Amino acid sequence: MHYASIENLAKSFGIRTLFKNISFYVEEGDKIALVARNGSGKSTLLKIIAGLDTADSGTLWVHKDIKVIMLQQDTVFEENKSIWDNVLKMDNPVVRVVKEYEMCLEQEEENIEKLTDLMAKVDELNAWNFESELKQILGKLNLHHLNEPVKNLSGGQRKRVALAQALIEAQLHEGKCLLILDEPTNHLDVQMIEWLEDYLSAQKVTLLCVTHDRYFLDAVCNEILEMDDEKIYVYKGDYDYFLEQKSLRQEVQASELQKDKNIFRKELEWMRKQPKARTTKSKSRQDAFTDIEERVSQRKEESEVSLQVKMTRLGGKVLEMKKINKSYGDKVILKGFDYTFKRGERIGIVGKNGIGKSTFLKIALQQEMPDSGKVNHGDTVVFGNFNQEGLQYKEDKRAIDYVKDFAEFFPLADGGKISATQFMEKFGFAAEQQYTPLSKLSGGEKRRLHLLSILFLNPNFLILDEPTNDLDLQTLRTLEEFLLDFPGCILIVSHDRYFMDRMVDHLFAFEGDGVIKDFPGNYTLYREYKAAEEKNPSAVKPIPEVKAEQPSAGSSGQTNQKPQTSKPSFKEKFEFEQLEKEIPALQKEKTDLEEKMNSGNIDYDALQKAAERISTIVQLLDEKEMRWLELSERI
């Protein structure tokens, strides 16, 4: 069944064109991800399809029997009404009776007669399946105090209420709807995201969504629409397939652009000649020149975000957190937390929403005081704090002026410097965008500008609280490449599993009641460990808790006890297993490079690079083999 047709749509704001002449179709069962750079008009396009905005030109057709349901980034609620009233605001007899039934269950005094009557009505309307789905959705999104007014909720809770509202309405229409989700994973913890993946994959729903979560995209969507250069490109496949095909497309476009430029230069010389050189017979040539001039001027060179910044030297002492305790009433956040951060550490923080992850970051930055314990910063530490509060400004100035408040020029790692204008261009802000008022920037553009301002501080310890929210996939890829080469410390809170898998060496797992475990690995390994633990708790070794060591019970200070031989930790065993994989891989790479160098079929530049890489491999092998020997003696 054909659900919707979008044909030759165009939309502009002032002189800024978001898209023009874009066309695509939505068929029943399609699960489409829409990807584009921040500020390209993704949210605007979704709103046009949902009937919440209008296009400047073009045709939008939606099947008359299909309901379009949209989750916006900023949903408007009836603030004084309860979660119940906002979630179940659809005018439908099934909704009305289920809502009345659930509210009756929540009342302190049971009204058996009323409850019996409502159960009979639910039976009559065959609404038990809907009631079951309703409870599942609300429970999985951790929405329990349903009589609470929406005005009292936090930003994350409001996002979950809006998501519940959209999913429940879609469930009510039993799949005969087009569900539009704009960044559905923002403000969800990992367990919620994984549940949402499974839910949407299992539902017979037609979906159009914008998401930066690549695991979510691969698990849920079977088609990718890319908005680029004011056009739409369609890819039938997963995210890796999209990257591969996009790369091929860009190579073809670059080749065509170079040909067009060569022709344009020749034709421009001809056009500049005296009018007598042109006759009425050459009118077609003049028209062809106009066409090629338009093509050359419209095509833009693809500029990746470049983040090769200079870093302040990091000394031996970095960050110490000694016996930290923190509670809010009965809620314990930290209990005897004791950790000394080392240079180059990359630590991820995982745990449910509201468990205290952001509080932990604030304590580490000394923005919030612990109940007891000490936090010590090294003398050379320069923190770069990329927080959820986002871009902060008092006056609505232009983006370029905001950046120039930090510096006119920015130092680079190679000793050179670039202007604020050049630096913004490397962050994907074209010349015309740099003069946009801050209030007119999209959510993603503000996040990108905030990131730019953090790096202007030349940090050597990055603290990133949900850095992936609202960033486009292209910026995310480049940010990841920068962070992989970043020599300083990184502390990350993120629900983006792909991002965490690439970035971190180990995790602080917040498990509630002040318990924090130090897991030696990335998020995927942690989830596999937790799954194995749930299946057979006795078969896996417990993760060590990050906590101040307590004296053993009954200790009398006697020294005549036999010293105990320390056993290898879980982290050391994991490291040993990794070394057994890494050492043979490095040896093979070294052998391959040596064969390549001896083949005689290699140019000078490649020969020099191969020699430098072999030198690096030899050094790595020395270090890793020495560490392997140390661990092998213990294991």
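The second largest pocket in this predicted model holds about 780 Å³ of space. Its lining is made up of 32 residues, and those closest to the pocket centre are G354, S358, T359, Q388 and D465. Three elements each give two or more residues to this lining: helix α6 (155-172), strand β11 (331-341) and helix α11 (357-364). Of the elements, α11 chips in the most, with 5 residues. Sorted by class, the lining comes out at 17 polar, 9 charged and 6 nonpolar residues.

Strand β11, one of the contributors to that lining, also leads on to a loop worth a look. The loop runs between β11 and β12 (346-350), and E345 sits in it. Is E345 buried or exposed? With a relative accessibility of 9%, E345 falls under the 20% cut-off and therefore counts as buried.

What does the side chain of E345 make a polar contact with? One partner is the side chain of Y339, at 2.6 Å. A polar atom of the E345 side chain also lies 2.9 Å from the backbone nitrogen of K342. So much for the polar side of things; the wider set of neighbours comes next. Leaving aside residues up to four places away in sequence, E345 touches Y339 and T340, and further along the chain G488, C489, I490 and H506. Y339 thus turns up twice for E345, as a side-chain polar partner and in the list of residues touched.

Definitions and conventions: Residues numbered from 1 in each chain as written. Predicted model: local features only at pLDDT ≥ 70, side-chain atom pairs only at ≥ 80, totals over all residues. Heavy atoms only, no water. 1 Å grid on protein atoms, 1.4 Å probe; cavity = no way out; pocket = protein on both sides within 12 Å on 5 of 7 lines; lining within 4 Å. Points joined across faces, edges and corners; volume = space filled by probe spheres on them. Helix = DSSP H or I, 4+ residues; strand = E, 2+ residues; numbered from the N terminus. Nonpolar A, V, L, I, M, F, W, Y, C, P; charged D, E, K, R; others polar. Buried < 20%, exposed > 50% of the residue type's maximum accessible area, 1.4 Å probe, protein only. Polar contact = N/O pair within 3.5 Å; in protein donor to acceptor, adjacent residues only side chain to side chain. Contact = heavy atoms within 4.5 Å.
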